Amino acid sequence: MKFHAASILVLICLPLFSVFASPESDPFELIWDTYPPLPQRTSGAFIAVAQQQLMVVGGSDWPVSPFAGGRKSFFNTVQVLDPGSGAWRLSQSLPRPLAYGGSAPLDDGMLVIGGCDANEASAQVFALLLTSDSLSVANYPSLPQPAAYCAAVRVDDCVYVAGGQSDLTTASALRAFWKLDLKFPELGWQILESWPGAARILPVLIALDGDIYLFSGCELLPDSKGGSVRRYLTDGYVYNSNRGWKKLAALEEPVAAAPALALGSSHILVFGGDTGALVDRIDELGDDHPGFSSAVLAYHTLTNTWSRVGEWPGRTVTTCAVWLGEHGVIPGGEDRPGHRSETVYFFSVPAWSSNFGTVNFVVLIVYLVALVVMGVFFSKREKSTADFFLAGRRIPWWAAGISIYGTQLSAITFMATPAKSYATNWVYFGNAVCILLVAPVVVYYYLPFFRRLDITTAYEYLEKRFNLAARLFGSAFFILFQIGRMGIVIFLPAIALSTVTGLSIIVCILVMGVLCTVYTVLGGIEAVIWTDVLQVVVLVGGAIASLFLIAHHVEGGWTAILHTARQDEKFFMFDWRWDYTIAAVWVVYFGSFFSNLIPYTSDQVVIQRYLTTSDEKQAARSIWTNAVLAIPSAVLFFGLGTALYVFYKHHAVSLNPALSTDSIFPWFIATELPAGVAGLVVAGLFAAAMSSLDSSLNSVSAALLNDFYHRFTAEKSASHSLKLARLLTGVMGIVATATALAMATAGIQSLWDLFLKLLGLLGGSLAGMFALGVFTRRGTGTGVLVGAVVSAGVLYWVQTHTSVHFFLYGAIGLICCLVVGYGVSRLSSPPCREQQALSIHQFKEEKKQ
């Protein structure tokens, strides 16, 4: 039977993997194409996207080459492209001819900021507003002074302008940095602190994640003839409204007047630019000038590094790049001195996929088949629901502890923890420390009740301590939350696994959902726990292997990693500010203590492990095992993220700008790990996702059967209950898999996120209910339910109307439920003696006697 089951799974998996694996592609490439050309070729235009239409406003051209005596013309035209129709509309709507200013998008149009004509710079700012068949102009406050050859960018509801030239006849650039709040434009432009570098024209200005990046440009210097010469700059700076300016790594060569775009969560792409290499030969070369740079440069904001990632065909300057849907668009511009282009280039970024390789697939398949074989093996030991849900209380303490650890460490955590330390520092490390601090509270105050009441679900305690309504409320919340969570813990890892393996996201969801459901239905909690043990070994082993391989590929090894990490403050852990809106040290530790207390005292997925050991002493050891594992594993995963940071700081060209920061570890797995090892680590990713899923399936089945079905219906027989338990587990597996598939295909993720967010309001409430029962004698059924509802309302208000850091949400919910519940309980008669006996106070008195 075992052989046939394993053989069938191999036969199923191999065709799936071979059919759906995508061919290997270049790690990063841009696919270039063109839109219909501009009706009027132009350079220095104001460019923006509004209402999914491309607006190219004003600009300049040389109708006759300057090398043949021609003069530059300036335009007041507005060119609008609707990509759906593929046709340009052309109108003369600007109040005056203008070019070489800044532009910023509005919901229904664009801001035209400064600029110049043939004679003078402008300080005027106005909005061009799109209607169905026309354009209208609305005036905005003027700039503090005229500014041509400046740059502008929008961040949320504010527009920022940097650099420029106020007087076209003098060799002087502006070192100006101005801000306009679009919510209150009547307040005018605010003069901000300037960057700590030279004044400049034609800078590259880009916003990403609320920060503003300024690169390159040209400083204007007087020449011997009374004119000006340009000094091409390679410096860079970043501005944050809270931290001010910071200097960044310099470019290898200037990129003045280059179009640029933010891509992904941490990259800025710069397309070509004027390097100044031939500036002294413009007159000599004339119309034979070869044009400007074709290089596509990528700046990585996290590692502060530059890399060359390709070339682009346009090679134009004094134009802008904008996003039009999923296309990056660069219209017109100057393709060589004295010549303008009418070509409108656009690029798309294809989804990257990997050829995972036969060796890796073999490793992965062997692992997945082993899980199902374990389910088949343990199935013969399941004779009753006590076996199916509690493993006959025969699980060793160390296995139960590892299972608790594996259950809490989901695939999301497996990817997100290294990504967090890769992107920031070790401030969140305190969350793992608090697991150790929570352990004695659970062991000495909660565990005695869970073990001595002969219960299967934690919510049976709520009925014995309060009333039936409290039990049903707690169990129903747990079930609904787990149903929502199960879809997420399959869907999100499937995205990364699809990228790493080249399998479609549908196949990844089906593999995890179906196989996990099969072995959980067959083997019950015993299969869940022992597969968790295997999965933890694979997961941690993969992380350790990755860490050592990173050290091997970084020049200087561990010494270089530690040196670079210390130099860049990647080991920063403690922010001593008394600010409840940031991850200050007291916020992290106080909040994390309660956030960890919630699952360890009220989550059936965790508590069920306490009940699978032979006695209370063994259960306590399992809790301590999990707590002790939490610290070194946190060091491992935070250290892995820091090592990834150093690796990509040394190998910036290996990054894929299109990927999100959370995908950094899967990206490393796919591109850097050798065959076989990559298969092992990907098996770890599958392991982490399935470890969370199998636990939820078994625990939800236990809650449905014990807190609802058996609570109101007498048990017919042990075999009938076991069949029903397996049926419920199978149904929950189908629901979880179907939910993940719906997220991948039907676009319901935002609705599901809202569903989980609303349910999450009750997490602290549920833990508060248990705390009220354990720590007070006076807690009543009415009081605990009122406390839970009020707590959820308070937490909703805190989340929507304050800036309190999310680390504190759990503490607010739990404490509010405890305080309100106790207060309401004091207004009614005290609970009966039997209920009061289920508090820690009565338990202590009994121990003394």
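Accessible area here follows the Shrake-Rupley method with a 1.4 Å probe. The model shown is predicted.

**Figure 1. Overview of the protein chain.** The protein chain exposes about 33,100 Å². Carbon and sulfur atoms supply 58% of that area. The fold comprises 23 helices and 30 strands. Along the principal axes, the C-alpha atoms fill a box of roughly 105 × 65 × 55 Å. The radius of gyration is 32 Å, which agrees with the value near 29 Å for a compact globule of 849 residues. Of the 849 residues, 58% count as buried. Contacts often span the sequence: among those between residues at least 6 apart, 70% join residues at least 24 apart.

**Figure 2. A nonpolar patch on the surface.** Four residues make up this patch: Leu436, Tyr444, Trp624 and Val628. Together they have about 380 Å² of accessible area. Two helices, α7 (430-452) and α14 (616-650), each supply at least two of the patch residues. Leucine 436 belongs to helix α7. Its relative accessibility is 32%, so leucine 436 counts as partly exposed. That value also meets the patch criterion, because patch residues need over 30% relative accessible area.

**Figure 3. The β18-β19 hairpin.** Strand β18 (residues 218-222) and strand β19 (residues 228-232) run antiparallel. Five bridges join them. Leucine 220 faces arginine 230 of β19 across the pair. Five residues lie between the two strands of the hairpin. In this turn, glycine 226 has a positive phi of about 90°.

**Figure 4. The open sheet β12-β13-β14-β15.** This sheet has four strands with antiparallel pairing. The edges are held by β12 (151-155) and β15 (190-191). Each edge strand has a single partner, so one side of each is left without a neighbour in the sheet. At one of these edges, strand β14 (residues 177-181) pairs with β15 over two bridges, in the antiparallel sense. Tryptophan 178 has isoleucine 191 in β15 as its bridge partner.

**Figure 5. Salt bridge between aspartate 117 and arginine 96.** The chain has 20 salt bridges by the distance rule of 4 Å between nitrogen and carboxyl oxygen. In this one, the closest N and O atoms are 3.0 Å apart. The pair links two loops that are distant parts of the chain, with 21 residues separating the partners. Aspartate 117 sits between β9 (109-113) and β10 (125-130). Arginine 96 sits between β7 (87-92) and β8 (102-106). Aspartate 117 has a relative accessible area of 16% and is therefore buried.

**Figure 6. Salt bridge between aspartate 707 and arginine 471.** The two side chains meet at 2.8 Å, N to O. Here the partners come from two helices, 236 residues apart. Aspartate 707 lies in helix α16 (residues 677-712), and arginine 471 lies in helix α9 (residues 468-501). Are these partners buried or exposed? Aspartate 707 has a relative accessible area of 0%, so it is buried. Arginine 471 counts as buried too, at 6% relative accessibility.

**Figure 7. Salt bridge between lysine 649 and aspartate 568.** The N to O distance in this pair is 3.5 Å. Lysine 649 lies in helix α14, while aspartate 568 lies in the loop between α11 (557-567) and α12 (585-602). The pair therefore ties together parts that are 81 residues apart in sequence. Lysine 649 is partly exposed, with 24% relative accessibility. Aspartate 568 is also partly exposed, with a relative accessible area of 26%. Elsewhere, salt bridges with shared partners join Arg381, Asp387, Arg394 and Glu526 into one network.

**Figure 8. Contacts of phenylalanine 67.** Phenylalanine 67 is in the loop between β4 (60-61) and β5 (73-74). Its relative accessible area is 31%, so phenylalanine 67 is partly exposed. Which residues does phenylalanine 67 touch, not counting those up to four places away in sequence? They are Ile282, Asp283, Gly286, Asp287 and Pro337. Glycine 286 is 219 residues from phenylalanine 67 along the chain, yet their C-alpha atoms are separated by 6.0 Å.

Terms used:
Residues numbered from 1 in each chain as written. Predicted model: local features only at pLDDT ≥ 70, side-chain atom pairs only at ≥ 80, totals over all residues. Heavy atoms only, no water. Patch = residues over 30% accessible without salt bridge, like charges linked within 9 Å, V, L, I, M, F, W, Y side chains within 5 Å. Buried < 20%, exposed > 50% of the residue type's maximum accessible area, 1.4 Å probe, protein only. Rg over C-alpha atoms; globule rule 2.2 N^0.38 Å. Contact = heavy atoms within 4.5 Å. Pairing = 2+ DSSP bridges.
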